[in-house]
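Let's take a walk through this model together, one piece at a time. Have a look at the sequence and the 3D view first.

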Amino acid sequence: PVLFSIQDVCKDYPDGNVRALDHVSFNIHDGEYVAIMGPSGSGKSTLLSILGTLDRPTSGAISFEGKAIDSSTDLDALRSKSIGFVFQSFYLLPTLTALENIQVPMFGRGMTGAERIEKAKLLIEAVGMSERSKHLPKQLSVGQRQRIAIARSLANDPRLLLADEPTGNLDTVTANGILELFANLHDELKMTLVTVTHSEEVAGAAQRVLRMRDGKIESDSAQVAGV
Ligand code: ADP
Ligand code: ADP
């Protein structure tokens, strides 16, 4: 089934008179692992913001699980319930331990402290960081912090996980660890993943590659394969 549908979407930035997305249409299916590639300025970040409902299209239609996302949609609810973000700029809280950071999105959702801790322990194990539960972010390596940020992004069981250059500033070994983690999320948890990347290695790990140029989808490996 289609999880996220984008139909004929344009995004204009009045500043500088830029059309960042130019009649973009595609569907993301439940459980897909999609990499978005393309040169700087081709519209990747804009597309990711629209998928994350952080930004609205200028024209065109988007829907999530068959429901139109429009001005009547409760975006906060949709985001906190269904969409996880791994953006490089989403830092961990420095005074909280790794395990506590993972619990942050669980607050205000009617869970008891014990339930939050239990869930956070499962997530920290899933990202291979159980031994670092009590560490503060500054006591962790960059790659380990990224793992904790990924665990945190999974705290509310999102249907869709969006990542912006998840391996961007990591060394090769650490980057490969994150790629393995994504592969596990995809294979074992059937997570739908969409990642913006410059890395051919990340793209190679994904199931489907969308290449963008000048605000358009230049190629979609799913269409070549006839999926
Ligand atoms: P933004 O959309 O924020 O302007 P880009 O998506 O162009 O940034 O780039 C994201 C990151 O990837 C930046 O740190 C940039 O330096 C780096 N980058 C850009 N182009 C390439 C490339 N061809 N190969 C590897 N890294 C790149
Ligand atoms: P990418 O992520 O592929 O580097 P972006 O989606 O960041 O591309 O940008 C697409 C185009 O939109 C670029 O020409 C960029 O300069 C422009 N753009 C992005 N954000 C804004 C903004 N807030 N205001 C004006 N122009 C923008």
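How far is an oxygen atom of ligand 1 from an N or O atom in the side chain of S45? The distance is 3.3 Å, which fits within the limit for a polar contact (a pair of N or O atoms within 3.5 Å; within protein, one must be able to donate a hydrogen and the other to accept it, and residues adjacent in sequence count only if both atoms are side-chain atoms).

Before going further, some ground rules. This is a predicted model, so local features need pLDDT of at least 70 and side-chain atom pairs count only at pLDDT 80 or more, while totals for chains, interfaces and linings use all residues. Residues are numbered from 1 along each chain as its sequence is written, chains are lettered from A and ligands numbered from 1 in the order in which they are written, and side-chain values use heavy atoms, with hydrogens and water left out.

Back to ligand 1. Its surroundings are S40, K44, S45, E165 and H198, where being around a ligand means having a heavy atom within 4 Å of it. S40 has a side-chain N or O atom 2.6 Å from an oxygen atom of ligand 1, and a polar side-chain atom of H198 sits 3.1 Å from an oxygen atom of ligand 1. On its own, ligand 1 exposes 550 Å², and the protein buries 33% of that (areas come from the Shrake-Rupley method with a 1.4 Å probe; for residues, only the protein chains shown count as cover). Sorted by class, this shell has no nonpolar, three polar and two charged residues. Here Ala, Val, Leu, Ile, Met, Phe, Trp, Tyr, Cys and Pro count as nonpolar, Asp, Glu, Lys and Arg as charged, and the others, Gly among them, as polar.

Now for ligand 2. Y13, D15, V18, A20, P39, S40, G41, S42, G43, K44, S45 and T46 are the residues around it. An oxygen atom of ligand 2 lies 2.5 Å from an N or O atom in the side chain of S45, and another such pairing, at 2.8 Å, involves the side chain of K44. G43 joins in with its backbone, placing an N or O atom 3.0 Å from an oxygen atom of ligand 2. The protein covers 63% of the 560 Å² of accessible area that ligand 2 has on its own. The shell around ligand 2 has four nonpolar, six polar and two charged residues.

Which parts of the fold bring those residues in? Strand 2 (18–29) and helix 1 (44–51) each supply at least two residues of the shell around ligand 2, and helix 1 gives the largest share, three residues. Helices (H or I, at least four residues) and strands (E, at least two) are DSSP runs, numbered from the N terminus.

Next come the sheets. Strands of a sheet pair through backbone hydrogen bonds, either parallel or antiparallel. Two strands count as paired if DSSP finds at least two bridges between them. One open sheet has four strands in the order 2-1-4-5, with antiparallel pairing. Strand 2 and strand 5 (67–68) are its edge strands, each pairing on one side only. Strand 4 (residues 59–64) is joined to strand 5 by two bridges, and S63 has A68 as its bridge partner in strand 5. Helix 1 lies across strand 1 (2–13), strand 2 and strand 4, running at about 130° to strand 1. Axes are lines fitted to C-alpha atoms, for helices over the stretch in contact (heavy atoms within 4.5 Å), and angles run from 0 to 180 degrees between N-to-C directions.

The other open sheet to visit has six strands in the order 6-7-8-3-9-10, with mixed pairing. Strand 6 (83–86) and strand 10 (216–220) each have a single partner strand, so one side of each is left without a neighbour in the sheet. From one strand to the next, the twist averages 20°. Strand 7 (residues 160–164) and strand 8 (residues 192–196) run parallel, joined by five bridges, with D164 opposite V196. Strand 3 and strand 9 also pair in the parallel sense, over four bridges, and I36 has L210 as its partner in strand 9. Strand 9 and strand 10 run antiparallel and share four bridges; L210 stands opposite D220 in strand 10.
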